[in-house]
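Thanks, everyone, for making the time this morning. I would like to walk through one structure with you, and I will start with the strands before turning to the surface.

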Amino acid sequence: MTVSIVRFGGSNCDRDAERALEHLDIDAEIVWHEDGLPADTSGIVLPGGFSYGDYLRAGAMAARSPIMAEVREAAAEGTPVLGVCNGAQIGCESGLTEGAFTTNESARFQCEHVYLRVERADTPWTAAYDEGDVIEVPIAHGEGRYEIDDDRLDELEDEGRVLFRYCNENGETGPEVNPNGSKHNVAGVLGERESVAVLMPHPERATLPDVGPTDGQGILRGFELAETEA
């Protein structure tokens, strides 16, 4: 498969994603958003960074780039799409997933390692783990607080569309281990299809053995599984 990593003005994690995927022997190429998706695209990453300088709202301007219409169409046809950090913000702003990411409760940029609890293990993005597993990945964001109407969040919970929650190393959740104030400690959610996911933490920064924990590898391997199931 070939994963297209969509680069917007201000993206800065596109090369990290490319290196991480290639480390896992998944072909990847960086695509400038104005050029559209290549014909051989079989997976899509919306990478982290500060697209358009986070003007208006983080991800709001990138979500209106013409390429996002192509991304939504590809997602509807079963192409796996993963939005990470700013890419998660773009994913929500463009309607790939529900909810929104807004200013951290601390009103500060936060860059640290966090623990995530795997809420489901029967999706392509979580098949490498068991339900309840705790993984360690880094965050680096100023607008990572997941917000959504309470009733709709309850529905997402019932639909099994919450993928990851912030927790401690024992898998316990709560405000004391919530780095940004996200509702219900939500760190990642699914779109209408299980092949579409967004998350605020950075799995591509927890993939290469030389730079730290490798717990993010399983998330990125979801591209292979999602393509197989499409």
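Let me begin with strand 10, residues 186-190, where five of the five residues are buried, so the strand is largely enclosed by the rest of the structure. Please keep in mind throughout that this is a predicted model.

Strand 10 has partners that we can name. Strand 9, residues 162-167, is joined to strand 10 by three bridges, and the two run antiparallel; within that pairing, V162 has V189 as its bridge partner. Strand 11, residues 196-199, is likewise joined to strand 10 by three bridges in an antiparallel arrangement, and here V189 has V198 as its bridge partner. If you follow the chain from strand 10 to strand 11, you will see that they form a hairpin, with five residues between them.

Moving to another pair, strand 7, residues 134-141, is mostly covered, with six of its eight residues buried. Eight bridges join strand 7 to strand 6, residues 110-118, and these two strands also run antiparallel; in this pairing, L116 stands opposite I135 of strand 7.

Now to the surface. Which residues form the negative surface patch? They are D149, D151, D154 and D158. Of these, D154 lies in helix 4, which spans residues 150-158, and its relative accessible area is 38%, so D154 counts as partly exposed, the class that lies between buried, under 20%, and exposed, over 50%.

How values were computed. Residues are numbered from 1 along each chain as its sequence is written. This is a predicted model: local features need pLDDT of at least 70, side-chain atom pairs count only at pLDDT 80 or more; totals for chains, interfaces and linings use all residues. Side-chain values use heavy atoms; hydrogens and water are left out. Patches are made of residues with over 30% relative accessible area and no salt bridge: like charges are joined within 9 Å, nonpolar side chains (Val, Leu, Ile, Met, Phe, Trp, Tyr) within 5 Å. Accessible areas come from the Shrake-Rupley method with a 1.4 Å probe; for residues, only the protein chains shown count as cover. A salt bridge is a side-chain nitrogen of Lys or Arg within 4 Å of a carboxyl oxygen of Asp or Glu. Lys and Arg count as positive and Asp and Glu as negative; His and the chain ends are not counted. The place of a charge is taken as NZ of Lys, CZ of Arg, CG of Asp or CD of Glu. Helices (H or I, at least four residues) and strands (E, at least two) are DSSP runs, numbered from the N terminus. Buried means under 20% relative accessible area, exposed over 50%, partly exposed in between (1.4 Å probe, protein chains only). Two strands pair if DSSP finds at least two bridges between them.
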